[in-house]
Amino acid sequence: MSLDLHADPVDLTAALVDVFSVSGAEAELATAVQDALRAQAPHLEVVRNGDAVLARTNLGREARVVLAGHLDTVPENGNLPSRREGTGDEEILHGLGTVDMKGGDAVFLHLAATLPEPKHDVTFVFYDNEEVEAVKNGLGRIERELPEWLAGDLAIVGEPSNGVIEAGCQGTMRVELRCTGTRAHTARAWMGENAIHALAEPLRRLAEYSPRTVDIDGLTYREGLQATSIGGGVAGNVVPDEAVLTVNHRFAPDRDAAAAERHLREVFDGFELSVVDLSPGALPGLSAPAAAELVAAAGGRAAAKLGWTDVARFAARGMPAVNFGPGDPTLAHTKQENVRAAEIRQVTDVLRKFLT
């Protein structure tokens, strides 16, 4: 298929949605993106890496901005092909990936073709396998194989943000607390020690825990600490000798992973704790010149990103990074996924203003 990168970004979004690209099956869309960039954006250097496509200007500007968006979607759920309803500013585009995040991809592709001489050098990264386990994420592969393509002074990830700049992101850590006891028949329970009952104390600490609210660069990050699962039990007549409590901690980006782990060990002092999953956060970095320019272009508004996104990968490289894309993130991965046409155009206009 062919993509018209000079078309209205809303039309381009619909065209992208109609190309099936569930994680692991992005090849057709990656080829269409590659072919369109080479044919319609001759001012860009274009390379292919697996099922990721990268393009960049080489104008010798003082600063470089990286625009990154993933090409894959979650599995289809009766929401393909795309469909449209309404007209003008009231038009709504429905379909898989309209929010997460082919609307953002369409904005970036349109700008790639229509801004041959931006005031900052620009790198465009369209990557694969974001919606699956981190080890498959195309950004990780690019960082290993083509790290120079991710270098810049500001990264903008086109994840849905309701058309508002969401700066940085919170870190996430999942830990397991393991309690042990002694098995016994429930008819002679005094001969055993119940491991599930031992979880009462860490659960009490969780119930009484007061999470921090942290201000960074004028943005408010609200931390969280929640039990997400409990495992244990042997049989209906056995005192259990082991129980596991899983806890998820969302921590503000002023804490690194080591500090977040130390905090949890303090909260659950006296209990066996192991970290089973970790993704560090990302500082907003809005004081960086390029980031400040972007906020100004967006009308001076920015918000804190409370979830985790790939901005953290750029922050780990020492770059300020923000999420900025059309669509309501609460609709991502749902059968009802849809985006307002006006929001796609708004994000396009803001980025065009920023880059010119």
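Welcome to this predicted model, and to a small hidden space to begin with: the largest cavity holds about 40 Å³. A search of the whole structure finds 1 cavity of 30 Å³ or more. Its walls are formed by His43, Leu44, Thr57, Leu111, Ala112, Leu115, Pro118, Val122, Phe124 and Leu355. Two elements, helix H3 (98–114) and strand E6 (121–127), give two or more residues each to this lining. Sorted by class, the lining of the largest cavity has 8 nonpolar residues, 2 polar ones and no charged ones.

Next comes the largest pocket, with about 530 Å³ of space. Its lining is made up of 26 residues, and those nearest the centre of the pocket are Glu130, Ser279, Trp308, Thr309 and Asp310. Strand E16 (272–279) supplies at least two residues of the pocket lining, and helix H8 (311–315) does likewise. By class, the lining of the largest pocket divides into 11 nonpolar, 6 polar and 9 charged residues.

What about rings and charges? The charged end of Arg56 sits over the ring of Trp149, at 3.8 Å from the ring centre. As for aromatic pairs, the structure holds 0 of them.

The cysteines are worth a visit too. How many disulfides does a search of the whole structure find? The count is 0. Two of the cysteines, Cys169 and Cys179, appear in the table below, together with Arg178.

| Residue | Relative accessibility | Class |
|---|---|---|
| Cys169 | 0% | buried |
| Cys179 | 5% | buried |
| Arg178 | 27% | partly exposed |

Why does Cys179 count as buried? Its relative accessible area is 5%, and buried means under 20%. Cys169 is buried because its relative accessibility is 0%, a value that also falls under the 20% cut-off. Arg178 has 27% relative accessibility and so counts as partly exposed; that class covers the range between the 20% limit for buried and the 50% limit for exposed.

Where does Arg178 sit? Its place is in strand E9, which covers residues 171–180. Arg178 can also be set against Leu150: the two are 28 residues apart in sequence, and their C-alpha atoms are 40 Å apart in space.

Methods:
Residues numbered from 1 in each chain as written. Predicted model: local features only at pLDDT ≥ 70, side-chain atom pairs only at ≥ 80, totals over all residues. Heavy atoms only, no water. Phe/Tyr/Trp six-rings, centres within 6.5 Å; stacked < 30°, edge-to-face > 60°. Lys NZ or Arg CZ within 6 Å of the ring centre and 35° of its normal. 1 Å grid on protein atoms, 1.4 Å probe; cavity = no way out; pocket = protein on both sides within 12 Å on 5 of 7 lines; lining within 4 Å. Points joined across faces, edges and corners; volume = space filled by probe spheres on them. Helix = DSSP H or I, 4+ residues; strand = E, 2+ residues; numbered from the N terminus. Nonpolar A, V, L, I, M, F, W, Y, C, P; charged D, E, K, R; others polar. Disulfide = S-S within 2.5 Å. Buried < 20%, exposed > 50% of the residue type's maximum accessible area, 1.4 Å probe, protein only.
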